[in-house]
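Let's take a friendly walk through a protein model together. Keep the picture open beside the text as you read.

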Amino acid sequence: MLKSLIKWLALCVLAFCTTFAVASYFFFAELDKELPDIEQLQNVQYQMPFSIYSQDRLLIGQFGEKHRMPVSIDQVPPQQINAFIAAEDDRFFTHIGIDPTGLARAATQLVLTGKKRQGGSTITMQVARNFLLSNEKTYLRKLKEILLALKIERRYSKDQILELYLNKIYMGQRAYGLAASAQTYYGKNLSELSLPQQAMIAGLPKAPSIYNPITNPERALQRRNYVLRRMLELKYIDENTYRSALNTADDAALQPVNIEFQAPYVAEMARQEIMAQFGDAAYTLGLKVYTTVPSEFQRAADRALQEAVHEYDERHGYRGPLTKNASGNGAILTDTVIGDCRQAQIVGLTESGITATIHGGDRIQIDRSNIEWIKRSGANRTSLHSGDLIWVRRLNSGDWALTQVPEVEGALTALNPNNGAILALSGGFDFYHSKYNRATQSKRQPGSGFKPIIYTAAFEKGFTPASIINDAPIVIEDPSQENDWRPENYNRRYLGPTPLRVALRESINLVSIRLLQEIGVTQAIDTARRFGFDKEQLPTTLSLALGSGYASPLRMATAYAVFANGGFLVTPYLIERIENNDGAVLFQAQPPIACADCNELNPPQETSAPRAISAKTNFLINSLLRDVVQRGTATQAKQLGRNDLAGKTGTTNEQRDAWFNGFATGIVASTWIGYDDSLPLGHGETGGKVALPMWIKFIKAVQHHFPEKPETPPAGIVQAYINPRDGLLLEPNEKGGIWEYFAEETAPKTMSAPIQPEESFEEEFNEESLF
């Protein structure tokens, strides 16, 4: 009877075990079908921010929520690996993907407490969870995690698994992976971390928020010391090393992104282009974006803009200290920096200057010569007192100067005229003070900077540099306005009959208006559109002759690139190349090129930029624009010592906008200064006085990259000796004539009457104005 019972029980147990085994087999077989393919771990794509670089590969911007810097396992110091093994999985190199001891401990806790607790997960299981599964905490997911870990261990080496883990784990403060956490908390590369820092980082994955050394330094220190103790127990370190590390204070501090060069307007422009192309995915793809902007050029542009607006601002007087008697008023000296201005507090005044302290406690000396400018507003050194908070800036010489944050703004854009590559772009005095990019977003009247477009249209209609237009008062009837338009020259003087060369050189308004009347507004607009202007930017009235439309500095630089490259319209571009995180090129710019040498024997290619104006017309306009520098409103630029400079100043009504658009061999740049709310700059603050100095400073800093080349007249250009009063021919031996360039078909063929001694065009004008 007993034997029968035992036999029966044995059969029941066997049947149960068999049934359980079969059921388990089918269960796990079905579960296995649901498991993700571990082969995808072979080519993992980590979510990484995208980085933007200057043309010379300096980091200028980084965008994305997840800061990650993947590294290979051989780049990780052995002691850093030991720290993670001690903290997370001390049997990693011996187990098969799961740790039975750890799982048993976790199961025991579940039985005793009835609660699921963290624990039992090996590094391999964490890789399975982080890469292949969701974060839901269920028994089924845990089973999948175990099965995947076993599979992963059979497919991948320990080093491969560890590399995946170290690059994926979240470490707090938006840092993902080992290398990113080293930069985030300590601003160091992995090889530079000390043992206590390695232990601190190794302690983070367990609970990045609880053990964060930035937000919870006490708990973080306890966790670090635990990791160090485990390293001692596992004999990764000796007792002396352990004690030394234990007594080392932690110096974790949130580090800024390691921007190597400040060019925020450029970086933001590039970011917007990348977002338009890739969408939100751009923030995780780890793209490397290389711009066309060399850091040397951008540095020169920023400096030129800052100095130019300071010069204007200081001409208009001192507005007083930032805070009078700061100590008594409870004001505090801060580390605020706006542009090149930073705060300082006066601690002493003497006959020789000012002694002040800047944030951090360093003392600086401001020489008397760098304070004297405040007298323009009626103030002097006695208006300043010890304790006042002031603005200071460092000059190129290294000396300190009293300053103030300018209220006026500026912009500068420089291009390679042969392909449209942006070489420098400054959209304002300080991006972080005002993110409005005036170089690309502003809609400002170009003023007389637009006149060369009108002259181009006139030359295409048969006018020449010697054509005579009467410079005299004019009244324009406008039924839509209450009063007729009575435009004037800037100095309210008139020359009478005037050659176009002199009129553009001296920027004579009345000649431009009469010239536009002759050629027609429609013809001028058609010509302007070939320079890249949109129709809505161009008014359909005679005020177009004086630049009453609107344009940005980038648009003006693009238009003047036509003059600089032989007559071709190029498209500005900022992004030279885009690479993925592995270095594969996703995009390479192939801009159309200005083909100045193209002719019947060398026809344009598909990659050639479209011709906007003929080579002959371009040469004639260039000749006039060079004259603006040599004898006209931009003679200040002659200090650069080049003969290939050409350009045009621009000033609008009531001096609300000041411009200079100009070029030399291989580079074109437009500069602008004005108030964002279009307040007048003040009497005499013209393009030649305000914007031209910025252009000169910039070109002076970069001109060594652009060797001067002589301009050779193209086929079909001839020279003739003429009477400047009527543009007709003179005998070469007759005094008072000038040599002038003409397109062959428009060259004069009629002889002029002899020149009288009193006839001359040497009277100089000061500047131009819109009305």
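## Buried or exposed?

A residue is called buried when its relative accessible area is under 20%, exposed when that area is over 50%, and partly exposed in between. Keep in mind that this is a predicted model. With the cut-off in hand, try Q655: at 10% relative accessibility, Q655 counts as buried, because that value is under 20%.

Now look at where Q655 is found: the loop between β18 (646-651) and β19 (657-664). Its backbone has a positive phi of about 55°, although Q655 is not a glycine. Q173 makes a good companion, with a phi near 55°, again a positive value in a residue other than glycine. Q173 lies in the loop between α6 (158-168) and β4 (175-176). At 26% relative accessibility, though, Q173 counts as partly exposed.

## The whole chain

Let's step back for a moment. The protein chain has 771 residues, and 53% of them count as buried. Its secondary structure comes to 21 helices and 22 strands.

How are the contacts spread along the sequence? Among contacts between residues at least 6 apart in sequence, 70% join residues at least 24 apart. For a single pair to find in the picture, take A379 and Y318: they are 61 residues apart in sequence, and their C-alpha atoms are 7.1 Å apart in space. A379 has its place in the loop between β9 (363-367) and β10 (389-394). At 15% relative accessibility, A379 counts as buried.

## Two covered helices

Which residues of helix α4 are buried? Helix α4 spans residues 123-132 and is mostly covered, with 9 of its 10 residues buried. The buried ones are I123, T124, M125, Q126, V127, A128, R129, F131 and L132.

Helix α14 (residues 451-460) also has 9 of its 10 residues buried, so it is largely enclosed by the rest of the structure. Those buried residues are K451, P452, I453, I454, Y455, T456, A457, A458 and F459. What covers them? The cover includes the helices α15 (500-505), α16 (509-519), α17 (521-530), α18 (553-564) and α19 (615-631), along with β18. Just after α14, G462 takes a positive phi of about 110°.

## Rings that pair up

A pair of aromatic rings is described by the distance of the centres and the angle of the planes. A search of the whole structure finds 18 aromatic pairs. In one of them, the ring centres of F50 and F63 are 5.5 Å apart and the planes are at 35°, so the pair is tilted. This pair links distant parts of the chain: F50 is in strand β1 (residues 50-53) and F63 is in strand β2 (residues 59-63), 13 residues apart. F50 counts as buried, at 0% relative accessibility. Together with Y283, F50 and F63 form one aromatic cluster.

Why is the pair of Y312 and Y675 called edge-to-face? Their ring centres are 6.2 Å apart and their planes are at 75°, and planes over 60 degrees apart count as edge-to-face, so the pair gets that name. Y312 lies in helix α12 (residues 295-315), while Y675 lies in the loop between β20 (667-674) and α20 (687-690), so the pair ties together parts that are 363 residues apart in sequence. Both Y312 and Y675 are buried.

## Charges over rings

Rings can also have a charged end sitting over them, and here are two places to look. The charged end of R223 sits over the ring of Y211, 5.5 Å from the ring's centre. The charged end of R577 sits over the ring of Y290, and here the distance to the centre is 4.3 Å.

## An enclosed space

Rolling a probe the size of a water molecule over the atoms shows where empty space is left. How many cavities of 30 Å³ or more are there? The count comes to 1. The largest cavity has a volume of about 40 Å³.

To find this cavity, look for its lining: P446, F450, F533, Q537, L538, L544, G549, Y550 and A551. By class, the lining has 7 nonpolar residues, 2 polar residues and no charged residues.

Conventions. Residues numbered from 1 in each chain as written. Predicted model: local features only at pLDDT ≥ 70, side-chain atom pairs only at ≥ 80, totals over all residues. Heavy atoms only, no water. Phe/Tyr/Trp six-rings, centres within 6.5 Å; stacked < 30°, edge-to-face > 60°. Helix = DSSP H or I, 4+ residues; strand = E, 2+ residues; numbered from the N terminus. Buried < 20%, exposed > 50% of the residue type's maximum accessible area, 1.4 Å probe, protein only. Lys NZ or Arg CZ within 6 Å of the ring centre and 35° of its normal. 1 Å grid on protein atoms, 1.4 Å probe; cavity = no way out; pocket = protein on both sides within 12 Å on 5 of 7 lines; lining within 4 Å. Points joined across faces, edges and corners; volume = space filled by probe spheres on them. Nonpolar A, V, L, I, M, F, W, Y, C, P; charged D, E, K, R; others polar. Contact = heavy atoms within 4.5 Å.
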